[in-house]
Structure formats: structure tokens, C-alpha cells
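Welcome! Take a moment to look over the sequence and the 3D view, and then try the exercises at your own pace.

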Amino acid sequence: MIPAQRLAATLLVSAFATVAMAAKPPLNTAELSACADRVQHLRTQSPLLLQRHADHDARRDAILARRRALDNQSMTRRKDDLEAGLEIRRQRNALNADALALNREIQALRTAIARNSEVRDAYDAECARRPYSRNDFNRLPQPQQDAMSMLAMHGQVDCTCRHPGQPDPLACERSHSLMG
């Protein structure tokens with residue numbers, strides 16, 4: 001494909017994607033509330049999951065350091081020192097138990113991350129870049145309004161001002177739009 005054809009194809013795909021996005025109907029009050037709940041979930045859970053991941057990394061590094069230290073102790077101890085051998089065995093068993101516990105926690109974290117990704121995917125599919133009315137927005141509890149307002153500040157949602165009897169949703173003043 002020559003560059004001009006490639007550019008034309010890209011523009012055509014982009015135009016179809018824009019039309020598809022514009023074809024999505026505005027969120028109603030219940031959908032907007034569900035979207036706000038998803039945003040709140042993601043805003044609270046994502047940082048916690050990231051922190052848990054960092055904590056697990058630190059614990060894994062500590063376990064690996066303990067394992068290396070035990071290996072060094074085992075290599076440098078006198079082979080006829082049974083008491084030292086038993087102590088190393090006890091420490092190695094404790095280390096293995098800690099590693100197994102960490103592995104279980106990591107698996108639980110992976111499950112939580114997968115659930116969080118499902119919430120994010122549902123938000124992307126059902127909420128992202130969909131317009132909603134200012135009136136529906138104002139009916140939300142304040143925490144949900146705050147969640148959706150943060151998205152609007154980052155250009156991730158569009159709040160058009162739809163009023164009953166107003167044929168053109170874009171006819172309202174831009175000051176009533178969260179994207180304004």
C-alpha cells in the first residue's frame with residue numbers, strides 16, 4: 001500500500017470509529033450511576049492493588065535474600081556440626097512456609113487484578129466517552145459526582161446538557177457542559 005492509500009485507509013477507519021462512538025446513546029441516570037460506581041471502584045482498588053503488588057515484590061526480594069543467606073550458611077558450616085545443620089533446616093522450612101504463603105497471596109492478588117480489569121473493561125465498553133445529561137449528573141450522590149467530574153477534567157467523558165423539549169442536545173450553553 002502506498003502512503004497515500006494508507007493515509008486514506010487510516011482516515012476512513014478513524015471516521016467510522018468516530019461515527020460509531022457518536023452513535024452511542026447518552027447514559028441514563030441508572031447507567032450513569034453504575035458508571036460512577038465503576039469509577040469509584042477503580043479509584044479505590046487500583047492504588048491498593050498496586051501497593052499490594054509492590055509489597056509482594058519487597059517480600060519476594062526478602063525471601064530470596066534469606067534463601068541466599070541460608071545457602072551461604074549451609075555451604076560454610078562445618079559438616080560435622082549437627083546443631084547448625086538442624087538450625088539451617090528449621091530456618092529453611094520457615095522460609096519455605098513464608099514462600100508458600102506469599103505465593104497464595106500473589107494468586108489472590110492476581111484474582112483481584114483480574115476482577116479489577118473486568119470492572120475497567122465494563123467501564124470502557126459501557127461508559128467511556130458517552131454523553132450524559134447535567135440533570136442526571138445532578139441526581140447522583142456527591143461521591144459519584146466527584147468521581148465523574150474527575151473523569152471530565154481529564155477529557156474522558158462528555159456531559160451534554162439535554163433538557164426536555166430541547167431538540168438539539170448541543171444547543172445548551174457550553175457553561176453547562178462538564179467538558180465546557
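Below are five short exercises, each with a worked solution.

This is a predicted model, in which local features need pLDDT of at least 70 and side-chain atom pairs count only at pLDDT 80 or more, while totals for chains, interfaces and linings use all residues. Residues are numbered from 1 along each chain as its sequence is written, and side-chain values use heavy atoms, with hydrogens and water left out.

**Exercise 1. Find the order of the elements along the chain.**

Step 1: Helices (H or I, at least four residues) and strands (E, at least two) are DSSP runs, numbered from the N terminus.
Step 2: With this rule, the chain has five helices and two strands.
Step 3: Reading from the N terminus, the order is α-α-α-β-α-α-β.

**Exercise 2. Work out which element has the highest mean pLDDT and which the lowest.**

Step 1: pLDDT is the predictor's confidence in each residue, from 0 to 100.
Step 2: Over the chain the mean is 79, and 71% of residues reach 70 or more.
Step 3: Among the elements, α3 has the highest mean, 95, and strand β2 (residues 158-159) the lowest, 40.
Step 4: Residues 154-180 stay under 50. Where pLDDT is low, the predicted coordinates should not be read in detail.

**Exercise 3. Check the span of α3 and look at its buried residues.**

Step 1: The expected span of a helix is 1.5 Å times one less than its number of residues.
Step 2: For the 45 residues of α3 this gives 66 Å, and the end C-alpha atoms are 65 Å apart, so the two agree.
Step 3: At the N-terminal end, D81 caps α3, with a side-chain oxygen 3.4 Å from the backbone nitrogen of E83.
Step 4: Buried means under 20% relative accessible area, exposed over 50%, and partly exposed in between (1.4 Å probe, protein chains only). The buried residues of α3 include R92, N116 and Y123.
Step 5: R92 counts as buried because its relative accessibility is 17%. Leaving aside residues up to four places away in sequence, R92 touches L70, D71 and S74, where contact means heavy atoms within 4.5 Å.

**Exercise 4. Locate the largest nonpolar core and the aromatic pair.**

Step 1: A nonpolar core is a set of buried Ala, Val, Leu, Ile, Met, Phe, Trp, Tyr and Cys residues joined through side-chain atoms within 4.5 Å.
Step 2: The largest core has 13 residues, and L32, C35, Y123, Y132, F137, L140 and M148 touch the most other members. Its largest share, four residues, comes from α2.
Step 3: A second, separate core of six residues includes I88, L95, A99 and L102.
Step 4: Rings of Phe, Tyr and Trp (its six-membered ring) pair if their centres lie within 6.5 Å; planes under 30 degrees apart count as stacked, over 60 as edge-to-face and the rest as tilted.
Step 5: Y132 and F137 make a stacked pair, 6.0 Å centre to centre with 25° between the planes. Y132 is buried, at 0% relative accessible area, and F137 is buried too, at 4%.

**Exercise 5. Describe the backbone and surroundings of R129.**

Step 1: R129 lies in the loop between α3 (82-126) and β1 (131-132).
Step 2: Most residues other than glycine have a negative phi, and most peptide bonds are trans.
Step 3: The phi of R129 is near 60°, a positive value in a residue other than glycine.
Step 4: R129 counts as partly exposed because its relative accessibility is 48%.

Technical notes: A polar contact is a pair of N or O atoms within 3.5 Å; within protein, one must be able to donate a hydrogen and the other to accept it, and residues adjacent in sequence count only if both atoms are side-chain atoms.
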